[in-house]
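Please open the structure in a viewer and keep the selection tool at hand. The stops below state what to select and what is to be found there.

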Amino acid sequence: MDDGIARRADRIAEAVRRGEPAALGRALSLVEGGGALGNALSARFRDSAGSARLVGVTGPPGSGKSTLVDALIGEWRSREKRVAVLAVDPVSPRTGGAVLGDRTRMGERSLDDDVFIRSVSARGHLGGLCAAARGMVAAMEAAGWDLIVLETVGAGQSETEVAEIADCTLVVSAPGLGDELQAIKAGILEIGNILVVNKCDRPGAGETARDLSAMLKLRQGEAARVPVVQVSATTGEGIGTLAAEIDTRLAATRRGPPGTVPARPSPDFGGYVCAGLPDTEDPALAALFRRAASDPELAQRLLELAGSQKKPSGR
Ligand SMILES: Nc1nc2c(ncn2[C@@H]2O[C@H](COP(=O)(O)OP(=O)(O)OP(=O)(O)O)[C@@H](O)[C@H]2O)c(=O)[nH]1
Ligand SMILES: [Mg+2]
């Protein structure tokens, strides 16, 4: 690697570790961009991966994920917890303000030093969204954020990636979703550690919750014990209960005494294999790369292949 790049990456990584807010913002842009400096930075943050507790929030568009995250931040802040949010926006490269924006009180939140909010556009990261998001989470961890929320739209692929790295995944639904609810039941459900029925201030929430619970009853083992929690992100109803369920789940997934690295899938494979693979626009390759995130053997093969394809770089 270019000496200049290595030195710059070292300097930025140190500033991030010292907790300089501007340094984290810059590092996140670089990691997201994925250029030489961004990749060098990602490599420096790898050691920090797994130090935070990661809460994934996924579900169909409009189910109220951002409003819910905002309500959870309120709950956590009342308990003096600091929290960082990474919102993955699959549609448009909107700003963090707009993603979490006027509909919520996120604008106010960003004035709080103990809350950090950032959004990332999924566009152009077909195969590499996991690389960008995971790298960005690791940067946040390096900066000392120890509770991180990752919001993604459950639109087919990113939600599975979220579940792979999150310690606790919330699948958010709402009454009146129709086909979307069927999709949740068919697939996304598999990854939820807690099923949240949001908008319980509206008619039909109880029915949606019963529907989901009935389906869970048919399942075996741990899946049968997945809690279904009704909340209203706008009125705050049920948010305390949900926060308690999240705590329970996080406590159950913690391996070893408090303070040790949690039971997140190994960063070597579950996590960072994607970082070693190139971004691709090819859907077939992208699907293969995603599979590699949960298949160490495939990951190893792909990395070897990628390595053997690289031209010797005159360092
Ligand atoms: N009545 C009611 N409306 C809600 C509730 N939570 C969210 N909403 C509304 O639902 C709409 C969508 O909320 P968002 O939080 O933006 O939903 P989202 O899932 O983040 O949407 P995307 O990021 O676009 O996928 C907004 O108009 C919210 O005000 C709730 O608990 N009750
Ligand atoms: Mg949202």
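A residue is called buried under 20% relative accessible area, exposed over 50%, and partly exposed in between, with a 1.4 Å probe and protein chains only. The areas come from the Shrake-Rupley method with a 1.4 Å probe, and for residues only the protein chains shown count as cover. This is a predicted model, in which local features need pLDDT of at least 70 and side-chain atom pairs count only at pLDDT 80 or more, while totals for chains, interfaces and linings use all residues. Residues are numbered from 1 along each chain as its sequence is written, chains are lettered from A and ligands numbered from 1 in the order in which they are written, and side-chain values use heavy atoms, with hydrogens and water left out.

**Stop 1: the positive patch**

Select Arg 26, which is partly exposed at a relative accessible area of 43%. Arg 26 sits in helix 2 (residues 21-33); helices (H or I, at least four residues) and strands (E, at least two) are DSSP runs, numbered from the N terminus. Add Arg 7, Arg 8 and Arg 11 to the selection: with Arg 26 they form a patch of positive charge on the surface. Such a patch is made of residues with over 30% relative accessible area and no salt bridge, like charges being joined within 9 Å and nonpolar side chains (Val, Leu, Ile, Met, Phe, Trp, Tyr) within 5 Å. Lys and Arg count as positive and Asp and Glu as negative, whereas His and the chain ends are not counted. Each charge is placed at NZ of Lys, CZ of Arg, CG of Asp or CD of Glu.

**Stop 2: helix 1**

Which helix gives the most to the positive patch? Helix 1 (residues 3-17) does, with three residues. Select its buried residues next: Ile 5, Ala 6, Ala 9, Ile 12, Ala 13, Ala 15 and Val 16. The expected span of a helix is 1.5 Å times one less than its number of residues. For the 15 residues of helix 1 this gives 21 Å, in agreement with end C-alpha atoms that are 21 Å apart. After helix 1 comes Gly 19, with a positive phi near 90°.

**Stop 3: helix 4**

Move to helix 4, where 10 of the 14 residues are buried, so that the helix is largely enclosed by the rest of the structure. Among these buried residues are Leu 68, Val 69, Leu 72, Ile 73 and Trp 76, together with the charged Lys 65, Asp 70 and Arg 77. The expected span of helix 4 is 20 Å, and its end C-alpha atoms are 20 Å apart.

Helix 4 is followed by Glu 80, which lies in the loop between helix 4 and strand 2. Is Glu 80 buried or exposed? Glu 80 is exposed, with a relative accessible area of 67%. Its phi is near 65°, a positive value in a residue other than glycine. Most residues other than glycine have a negative phi. For a second case, select Lys 199, whose phi is likewise positive and near 65°; Lys 199 lies in the loop between strand 6 (194-197) and helix 10.

**Stop 4: salt bridges**

How many salt bridges does the structure hold? There are nine, a salt bridge being a side-chain nitrogen of Lys or Arg within 4 Å of a carboxyl oxygen of Asp or Glu. Select Arg 77 and Asp 112, whose side chains meet in one of them at 2.8 Å, N to O. This pair links distant parts of the chain, Arg 77 being in helix 4 (residues 65-78) and Asp 112, 35 residues away, in the loop between helix 6 (106-109) and strand 3 (115-121). Asp 112 is partly exposed at 24%.

Now centre on Asp 247, which forms a salt bridge with Arg 79, the closest N and O atoms being 3.1 Å apart. Asp 247 belongs to helix 11 (residues 239-253) and Arg 79 to the loop between helix 4 and strand 2 (83-89), 168 residues apart. Asp 247 also meets Lys 81 in a salt bridge of 3.4 Å, N to O. Lys 81 lies in the loop between helix 4 and strand 2 and Asp 247 in helix 11, so this pair ties together parts 166 residues apart in sequence. Select Glu 75 as well to show the network of salt bridges that links Glu 75, Arg 79, Lys 81 and Asp 247.

**Stop 5: strand 5**

Finish at Cys 168 in strand 5 (residues 168-173). Cys 168 is buried, at 0% relative accessibility. Add Gly 56: the C-alpha atoms of Cys 168 and Gly 56 are separated by 6.1 Å, although the residues are 112 apart along the chain.
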